[in-house]
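Fancy a bit of hands-on practice at reading a protein model? Grab a pencil and try each exercise before peeking at its solution.

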Amino acid sequence: MTALLAFDDSATAAEGFGWFLLATGLVILPVLLISLYMVKTGRMDSLFSNRRHQRHRVYVVGLFFDVLTIWILNLLNAPTILIAGLVAGLASVVCLAFINLWWKISVHSSTMAAFVTLLFVLFGWWAAFSLILLPAIWWARLNLAQHTLWQVAAGSALSTVILLVTFSQYGVIQF
């Protein structure tokens, strides 16, 4: 998703690649490294299947680096769609972290729904093929007994609404 956002409104491919490296290096890489460390030290069961209470530290780290990245990208006048995407991600993480205190909402479904929604924003109905990804991720999470149907549905709905509202507020899309 970061690559699509970084390249979408950049003047050149090199500029888009620079925004991609910066955003990825500041948001995704630290969270991945800390998650790997937590798995290795037994603080998390795995990267993809863990108990609800094991997610709290990852959420806090993700929030910190997302806010830092948004601040830096604003200072550097990054493309609006990239900043809007990170703000939508931040809002999603805040909501998911809060909900996760009581209920194990599906972050996988949330992320996939955001990706599919982003494809529709960028490519219109040409992105219709990507809809098959949603039942696939739902099936996987249900088949692995990691979530209930309500948890995957709620995760998908939450990120879709957040992305659309955020993009609307930033003027990326209009209703």
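Below are four exercises on this predicted model, each with a worked solution.

**Exercise 1. Find where helix H4 and helix H7 meet, and say how they cross.**

Solution. Start by locating the two helices: H4 covers residues 80-100 and H7 covers residues 149-169. Next, look at their axes, which come within 9 Å and cross at roughly 145°. The hand of this crossing is right-handed. Now list who does the touching. On the H4 side you'll find, among them, Ile81, Ala84, Val87 and Ala88, while H7 brings in Leu158, Ser159, Ile162, Leu163, Thr166 and Phe167. Last step, sort the contact residues by kind: 12 are nonpolar, 4 are polar and none is charged.

**Exercise 2. Zoom in on Thr166: is Thr166 buried or exposed, and what does Thr166 touch?**

Solution. First, place the residue: Thr166 sits in helix H7. Then check its relative accessible area, which is 10%. Buried means under 20%, so Thr166 counts as buried. Finally, skip the residues up to four places away in sequence, and you're left with Ala84, Val87 and Ala88 as the ones Thr166 touches. Those three also turn up on the H4 side of the contact from Exercise 1.

**Exercise 3. Describe the largest pocket and what lines it.**

Solution. Begin with volume: the largest pocket has about 1,400 Å³. Then go to the lining, which is made of 43 residues. Closest to the pocket's centre are Ile28, Val31, Val93, Val107 and Thr111. Which elements give two or more residues to the lining? They are helix H1 (2-8), helix H2 (13-40), helix H3 (56-75), H4, helix H5 (107-123) and H7. To finish, split the lining by kind: 27 residues are nonpolar, 14 are polar and 2 are charged.

**Exercise 4. Work out the surroundings of Leu122 and Glu15.**

Solution. Take Leu122 to begin with; you'll spot this residue in helix H5. Its relative accessible area is 21%. The buried class stops under 20% and the exposed class starts over 50%, so Leu122 is partly exposed. Leaving out neighbours within four places in sequence, Leu122 is in contact with Leu4, Asp8 and Ile81. Along the chain, Leu122 and Val172 are 50 residues apart, yet their C-alpha atoms are 9.7 Å apart in space.

Now do the same for Glu15, which belongs to helix H2. With 31% relative accessibility, Glu15 is partly exposed. Ala78 is 63 residues away from Glu15 along the chain, and 9.7 Å separates their C-alpha atoms.

How values were computed
Residues are numbered from 1 along each chain as its sequence is written. This is a predicted model: local features need pLDDT of at least 70, side-chain atom pairs count only at pLDDT 80 or more; totals for chains, interfaces and linings use all residues. Side-chain values use heavy atoms; hydrogens and water are left out. Axes are lines fitted to C-alpha atoms, for helices over the stretch in contact, and angles run from 0 to 180 degrees between N-to-C directions. Helices (H or I, at least four residues) and strands (E, at least two) are DSSP runs, numbered from the N terminus. A crossing is left-handed if the near helix is turned anticlockwise from the far one by less than a right angle, and right-handed if clockwise. Contact means heavy atoms within 4.5 Å. Ala, Val, Leu, Ile, Met, Phe, Trp, Tyr, Cys and Pro count as nonpolar, Asp, Glu, Lys and Arg as charged, and the others, Gly among them, as polar. Buried means under 20% relative accessible area, exposed over 50%, partly exposed in between (1.4 Å probe, protein chains only). On a 1 Å grid over the protein atoms alone, a cavity is a set of points where a 1.4 Å probe fits but cannot get out, and a pocket is an open set with protein on both sides within 12 Å along at least five of seven lines; lining residues have an atom within 4 Å of a point. Grid points are joined across faces, edges and corners, and a volume is the space filled by probe spheres set on the points.
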